[in-house]
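Thanks for sharing this one. Here are a few friendly comments to read alongside the model.

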Amino acid sequence: MRSGSRSPARRGLSLFEAIASLTIVGATSVAALAAAGTSVRAAARAQGAIEREALTREFWLRVQHASRTELLVPPDSLARGRFAPPFEDHAWQLTSRPDATLPGLVHLRLLVE
C-alpha cells in the first residue's frame, strides 16, 4: 500500500452538504406551515358558513310568523338588523315584492352577511 494515494478519513459534512440539507429542511418547513395556514383559514370559513346557515334558519322561522302586510312592507325590525351576541358581526337584510302574476304571493329575499 502506498501511503500517499489514500485520502484521510472523512469526518462531518462539507459546506455544500450542510447548505443543501438546510435548504431541504427549510423548504419542507415552509410548505408544511403554508398547508397548516390554509387548513386554519378553511376551518374558519367553514365555521362562518355554519353560523350564517343557522342564523338564516332562525330568521326564516321569525319570517314565517309575520303577517302578509308585514311581508309586503317589512317593518325596520324585520327589514334589516344585526343578530344578538355572540353573532353581532352578522347582519340581515330582507326585501320583498308582490308577485305580478299570482295575487297574494310575496317574493322574499334574505341576505345574511
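The points below cover the nonpolar core, one of its residues, and the salt bridges.

1. A caveat to begin with: this is a predicted model, so please read the points below as descriptions of a prediction.

2. The largest nonpolar core has twelve residues. Leu55, Phe59 and Val63 belong to this core, as do Ala66, Leu71, Leu78 and Phe83. The list is completed by Trp92, Leu94, Val106, Leu110 and Val112. Helix H1 (15-64), strand E2 (91-98) and strand E3 (106-112) each supply at least two residues of the core.

3. Phenylalanine 83 deserves a look of its own. Setting aside neighbours within four places in sequence, Phe83 is in contact with Leu55, Phe59, Trp92 and Val112, among others; these four are also members of the core. The contacts of Phe83 further include Glu88, His90 and Ala91.

4. How many salt bridges does a search of the whole structure find? There are two. In one of them, the side chains of glutamate 53 and arginine 57 meet at 2.6 Å, N to O. Both residues lie in helix H1, four residues apart, or about one turn of the helix. Glutamate 53 counts as partly exposed because its relative accessibility is 43%, whereas arginine 57, at 57%, counts as exposed.

5. The other salt bridge joins aspartate 76 to arginine 80, with the closest N and O atoms 4.0 Å apart. Is aspartate 76 buried or exposed? Its relative accessibility is 61%, so aspartate 76 counts as exposed.

How values were computed. Residues numbered from 1 in each chain as written. Predicted model: local features only at pLDDT ≥ 70, side-chain atom pairs only at ≥ 80, totals over all residues. Heavy atoms only, no water. Core = buried A, V, L, I, M, F, W, Y, C linked by side-chain atoms within 4.5 Å. Buried < 20%, exposed > 50% of the residue type's maximum accessible area, 1.4 Å probe, protein only. Contact = heavy atoms within 4.5 Å.
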